[in-house]
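Dear colleague,

Please find below the structure that I am handing over to you, with its sequence. My notes on what was found in it follow.

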Amino acid sequence: MGRRRNWLPGRETLNNDHQGGINTKKSETYASVFKNYPDVVTVEQMSEMLGISTKTAYKLLKENKIKHFMIGRIYKIPKYYILTYLEILDQKNSNP
């Protein structure tokens, strides 16, 4: 089996800039905002990104205000969902 590259929801449309350039601005935003952080961050990294305490970060995750997944007891947060939470990226991927 091959490795899945575009496993994050919405990532597929962000990578399709060569098909008409509709999502070029979203792709540039995704690439430039928080560029010093990996695509999937920890709670500590997320709290740094948002400028909040880790306690508040855990509260946002437990209330499902930011989508995430868990590996065992460890929260993992795709950077895409942080940008969506901040409304930098449109979660519905609507076309202009």
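How are α3 and α4 oriented to each other: roughly parallel or roughly perpendicular? Please bear in mind throughout that this is a predicted model. The axis of helix α3 (residues 43–50) and that of helix α4 (residues 54–62) cross at roughly 105 degrees and come within 9 Å. Since angles of 65 to 115 degrees count as roughly perpendicular, α3 and α4 are therefore roughly perpendicular to each other. On the side of α3, the residues involved are Val43, Glu44, Met46, Ser47 and Leu50, which meet Thr54, Ala57, Tyr58, Leu60 and Leu61 of α4. By character, the residues of this contact comprise seven nonpolar, two polar and one charged.

As to the overall architecture, the protein contains five helices and three strands. Read from the N terminus, these elements follow the order α-α-β-α-α-β-β-α. The protein has 96 residues, of which 31% count as buried. If one takes the contacts between residues at least 6 apart in sequence, 50% of them join residues at least 24 apart. The exposed surface of the protein comes to about 6700 Å², with 49% of it supplied by carbon and sulfur atoms.

A second point concerns Lys79, which is located in helix α5 (residues 79–85). Is Lys79 buried or exposed? Its relative accessible area is 4%, and because buried means under 20%, Lys79 is classed as buried. A polar atom of the Lys79 side chain lies 3.2 Å from the backbone oxygen of Tyr37. Tyr37 is also among the residues that Lys79 contacts once neighbours within four places in sequence are left aside; the others are Tyr30, Val33, Phe34, Lys35, Pro38, Asp39, Val40 and Met49.

Finally, two backbone angles deserve a remark. Most residues other than glycine have a negative phi. Phe34, one of the residues in contact with Lys79, has a positive phi, near 55 degrees. Phe34 is placed in the loop that lies between α2 (24–32) and β1 (40–41). For Asn64, phi is likewise positive and near 55 degrees. Asn64 belongs to the loop between α4 and β2 (69–71). With a relative accessible area of 57%, Asn64 is exposed.

With kind regards

How values were computed
Residues are numbered from 1 along each chain as its sequence is written. This is a predicted model: local features need pLDDT of at least 70, side-chain atom pairs count only at pLDDT 80 or more; totals for chains, interfaces and linings use all residues. Side-chain values use heavy atoms; hydrogens and water are left out. Helices (H or I, at least four residues) and strands (E, at least two) are DSSP runs, numbered from the N terminus. Buried means under 20% relative accessible area, exposed over 50%, partly exposed in between (1.4 Å probe, protein chains only). A polar contact is a pair of N or O atoms within 3.5 Å; within protein, one must be able to donate a hydrogen and the other to accept it, and residues adjacent in sequence count only if both atoms are side-chain atoms. Contact means heavy atoms within 4.5 Å. Axes are lines fitted to C-alpha atoms, for helices over the stretch in contact, and angles run from 0 to 180 degrees between N-to-C directions. Angles under 35 degrees count as roughly parallel, over 145 as roughly antiparallel, 65 to 115 as roughly perpendicular and the rest as oblique. Ala, Val, Leu, Ile, Met, Phe, Trp, Tyr, Cys and Pro count as nonpolar, Asp, Glu, Lys and Arg as charged, and the others, Gly among them, as polar. Accessible areas come from the Shrake-Rupley method with a 1.4 Å probe; for residues, only the protein chains shown count as cover.
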